[in-house]
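Me: Please give a close look at one backbone pairing in the structure shown below, and explain how the elements that form it are tied to other parts of the chain. A connected account with the relevant distances and accessibilities would be preferred.

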Amino acid sequence: LRSARSGFKKKHTVRVANYLLHVHKVFGYLPHIPNESNFGRLYYRCLNLQGAPKELRKAALPNAIEVDIDSCSNEFLMRQANKHGVGCNYLKLFSDEKASMRVEITKKVFNVDESDANFYCDFGTECECDSKCDCKPVTDSYLKIIKQCITSIGFGARIIDYKDNAINTLLQNKIHRARFLNHEFITGYSSDMKKITTAVVKAHPELHDLPYLHSNSGKLSSSKLMAYQFQHFERYAMDTAFSGFDEYVKLRIHDGRY
């Protein structure tokens with residue numbers, strides 16, 4: 001990690017690398033203290049490699065192989081649709097052609113083509129102040145923003161334009177947001193997600209009284225219940241896949257291992 005640090009382009013990545021190297025210098029190792037959330041995910045306390053940028057993780061673990069679930073959230077949703085007998089034509093289309101679908105939607109939403117410098121690459125600049133500031137890192141690429149928007153729909157984000165919606169946070173430009181919300185695939189995909197969510201919530205009455213699955217008003221949150229089920233799914237899948245091989249695992253990430 002120390003030798004790779006000079007090759008990192010993003011100041012945020014360099015900053016995290018410096019923090020990690022400092023902790024290692026103080027302790028002689030990098031502590032990774034596990035902490036399980038109510039939703040089933042295993043997090044590490046304090047500063048750690050799990051929450052670090054991917055290029056930094058790879059540099060810190062050069063002899064490790066990363067194994068993860070391909071399109072994890074999509075696989076989970078497909079499994080739930082099949083299990084509960086829910087039709088999901090748009091979800092199946094996305095499962096088969098997700099890469100091309102994301103590109104096509106990105107082009108229409110941002111009115112750009114793949115030659116645009118910000119289509120695949122992050123854009124914007126980071127601040128020049130010290131590492132303790134609250135400035136935001138560089139902005140995600142257009143394609144990554146669309147990917148995040150589609151994923152958020154799978155876990156409860158509604159395709160309506162209101163202030164606290166996840167999509168409004170990701171797409172702050174009104175024109176871009178309108179193009180996304182009114183896209184034919186997005187409206188169909190959202191309809192599939194609503195049907196799947198309704199079926200999953202109905203099938204798990206034993207979860208309805210868990211307080212951490214309720215909204216601030218005290219009502220059951222279907223999006224929190226879906227997140228609960230998804231995070232347990234990825235945890236169970238990885239624990240099953242690596243059962244008996246724990247001694248070889250250097251780092252756990254939510255849908256994979258190094």
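Reply: In this predicted model, Asp-68 stands opposite Gly-256 in β5. Strand β5 comprises residues 256-257, and its pairing with β3 is antiparallel, over 2 bridges. The two strands belong to an open sheet of 3 strands, ordered β3-β5-β4 and antiparallel in its pairing. The edges are taken by β3 (67-68) and β4 (252-253); each has a single partner strand, and therefore one side of each has no neighbour in the sheet. As a general matter, strands of a sheet pair through backbone hydrogen bonds, in either the parallel or the antiparallel sense.

Side-chain contacts tie this sheet to a helix. In general, side chains of opposite charge can pair when their charged atoms come close. Here Arg-257 and Asp-239 meet in a salt bridge, at 3.1 Å from N to O. This pair links distant parts of the chain, with Arg-257 in strand β5 and Asp-239 in helix α10, 18 residues apart. Arg-257 counts as buried, because its relative accessibility of 4% falls under the 20% limit. Asp-239 has a relative accessible area of 32% and is therefore partly exposed.

Asp-239 also forms a salt bridge with Arg-252, where the closest N and O atoms are 3.0 Å apart. Here too the pair links distant parts of the chain: Asp-239 lies in helix α10 and Arg-252 in strand β4, 13 residues apart. Asp-239 thus has salt bridges to Arg-257 and to Arg-252. The connections extend further, since Glu-36, Arg-235, Asp-239, Arg-252 and Arg-257 are linked in a network of salt bridges. For the whole structure, the count comes to 10 salt bridges.

Another of the salt bridges joins the side chains of Lys-144 and Asp-140, at 3.7 Å from N to O. Both partners are partly exposed: Lys-144 has a relative accessible area of 39%, and Asp-140 has one of 21%.

Helix α10 has a further role in the picture, through the nonpolar core. The largest core holds 49 residues, and those touching the most other members are Phe-180, Tyr-189 and Ile-196. The elements that give two or more residues to this core are α3 (72-83), α4 (89-110), α6 (142-154), α8 (174-181), α9 and α10. The most is given by α9, with 8 residues. Tyr-189 is also part of an aromatic cluster, together with Tyr-90, Phe-94 and Phe-185.

The structure holds 13 aromatic pairs. One of them joins Phe-39 and Tyr-212, with ring centres 6.0 Å apart and planes at 50°. That angle is neither under 30 nor over 60 degrees, and the pair is classed as tilted. The pair links distant parts of the chain: Phe-39 sits in the loop between β1 (34-36) and β2 (42-44), while Tyr-212 sits in the loop between α9 (184-203) and α10 (222-241), and the two are 173 residues apart. Their exposure is described by different classes: Phe-39 counts as buried at 17% relative accessibility, whereas Tyr-212 counts as partly exposed at 27%.

Returning to the sheet, the chain that follows one of its edge strands contains a backbone feature. Ser-71 is found in the loop between β3 and α3. Although Ser-71 is not a glycine, it has a positive phi of about 50°. Ser-71 counts as buried, because its relative accessibility is 18%. Cys-46 likewise is not a glycine and has a positive phi, of about 60°. Cys-46 is placed in the loop between β2 and α2 (54-60), and is exposed, with a relative accessible area of 73%.

Finally, the loop between α1 (11-27) and β1 contains Tyr-29. With Val-26 and Phe-27, Tyr-29 makes a nonpolar surface patch of about 340 Å². Tyr-29 counts as partly exposed at 47% relative accessibility. Ile-33 lies in the loop between α1 and β1 and counts as partly exposed at 45%.

Terms used
Residues numbered from 1 in each chain as written. Predicted model: local features only at pLDDT ≥ 70, side-chain atom pairs only at ≥ 80, totals over all residues. Heavy atoms only, no water. Phe/Tyr/Trp six-rings, centres within 6.5 Å; stacked < 30°, edge-to-face > 60°. Helix = DSSP H or I, 4+ residues; strand = E, 2+ residues; numbered from the N terminus. Buried < 20%, exposed > 50% of the residue type's maximum accessible area, 1.4 Å probe, protein only. Pairing = 2+ DSSP bridges. Patch = residues over 30% accessible without salt bridge, like charges linked within 9 Å, V, L, I, M, F, W, Y side chains within 5 Å. Areas by Shrake-Rupley, 256 points an atom, 1.4 Å probe, with all protein chains shown as cover. Salt bridge = Lys/Arg side-chain N within 4 Å of Asp/Glu carboxyl O. Core = buried A, V, L, I, M, F, W, Y, C linked by side-chain atoms within 4.5 Å.
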